[in-house]
Amino acid sequence: GKEPFPPPIIDHIQAGGIIAAHNAAFERLAFWYWICPQYGTVPEPSIEQFHCTAVQAAANGLPRDLDSTPRALGLQTRKDRRGKELMAQLSIPKGYALGNKSDPYFTDGEFNKDPKLLQEYYEYCRQDVRTERDLVPHMWSLPPEQWEEYHANEYANDRGIKIDRELCQHAMDYAKAE
């Protein structure tokens, strides 16, 4: 079964507290499309509650990726580099995106549920959180108007852009004819 969702985090979200994360869109979408529906008792945080430490790093003239930012700041806390492999092993349904039957991760589209790998993945996620937490005090925060720009950008990214498919098709047909 699933563990209960931590009440202090629910209280923080309900109070309008900020959720800081590196590449915060990932966490935001995880809340909106997985955590909140799965638990039912977790309130959906607004876009405005998310602050992205990768954006903050870039504004501080630092690298955006969680592997390089702490190094640039001279911090001891570091991202676990095994994470990329763990993500491939556990976060992608086997055979789904890989598509190559000779690939060691290919099976029938099911997620890998190996308890040992899941525990290692859990520790990897905890290390990412520790690393993200250690970054924040070493960077100056963005002024409110820059967070507003960040949030406006997130709204635009969520909406996407409308395209005129018929016009695109005619343009491709025209290009082909030319």
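These legends go with a set of views of one predicted model.

**View 1. The whole chain, with its eight helices and two strands.** Follow the sequence from start to end and you'll meet the elements in the order α-β-α-β-α-α-α-α-α-α. The radius of gyration comes out at 20 Å, whereas the globule rule gives 16 Å for 178 residues, so this protein is more spread out than a compact globule. Along the principal axes, the C-alpha atoms fill a box of roughly 60 × 45 × 40 Å. Buried residues account for 31% of the 178. Take the contacts between residues at least 6 apart in sequence, and you'll find that 64% of them join residues at least 24 apart.

**View 2. Helix α5 and its buried residues.** This helix runs over residues 83-90, and G83, L86, Q89 and L90 are buried in it. Why do they sit on the same side of α5? Because the arc they cover around the axis is only 125 degrees. As a reminder, an α-helix has 3.6 residues a turn, so residues three or four places apart point the same way. What do the buried residues of α5 pack against? Their partner is α6, which spans 115-135.

**View 3. The largest pocket, at about 2400 Å³.** In all, 45 residues line this pocket, and those closest to its centre are F26, I35, Y122, C125 and V129. If you're looking for landmarks, start with those five.

**View 4. Where the lining of the largest pocket comes from.** At least two lining residues come from each of α1 (7-14), β1 (19-21), α2 (24-39), α5 and α6. Which element gives the most? That's α6, with 12 residues. So α6 turns up twice in these views: the buried residues of α5 pack against it, and it's the top contributor to the lining of the largest pocket. By residue type, the lining splits into 27 nonpolar, 10 charged and eight polar residues.

**View 5. A closer look at L29 in helix α2.** Is L29 buried, exposed or partly exposed? Its relative accessibility is 35%, which falls between the 20% limit for buried and the 50% limit for exposed, so L29 counts as partly exposed. For a sense of distance, pick out L142 as well: L29 and L142 are 113 residues apart in sequence, and their C-alpha atoms are 22 Å apart in space.

Terms used. Residues numbered from 1 in each chain as written. Predicted model: local features only at pLDDT ≥ 70, side-chain atom pairs only at ≥ 80, totals over all residues. Heavy atoms only, no water. Buried < 20%, exposed > 50% of the residue type's maximum accessible area, 1.4 Å probe, protein only. Helix = DSSP H or I, 4+ residues; strand = E, 2+ residues; numbered from the N terminus. Arc of directions from axis to C-beta. Contact = heavy atoms within 4.5 Å. 1 Å grid on protein atoms, 1.4 Å probe; cavity = no way out; pocket = protein on both sides within 12 Å on 5 of 7 lines; lining within 4 Å. Points joined across faces, edges and corners; volume = space filled by probe spheres on them. Nonpolar A, V, L, I, M, F, W, Y, C, P; charged D, E, K, R; others polar. Rg over C-alpha atoms; globule rule 2.2 N^0.38 Å.
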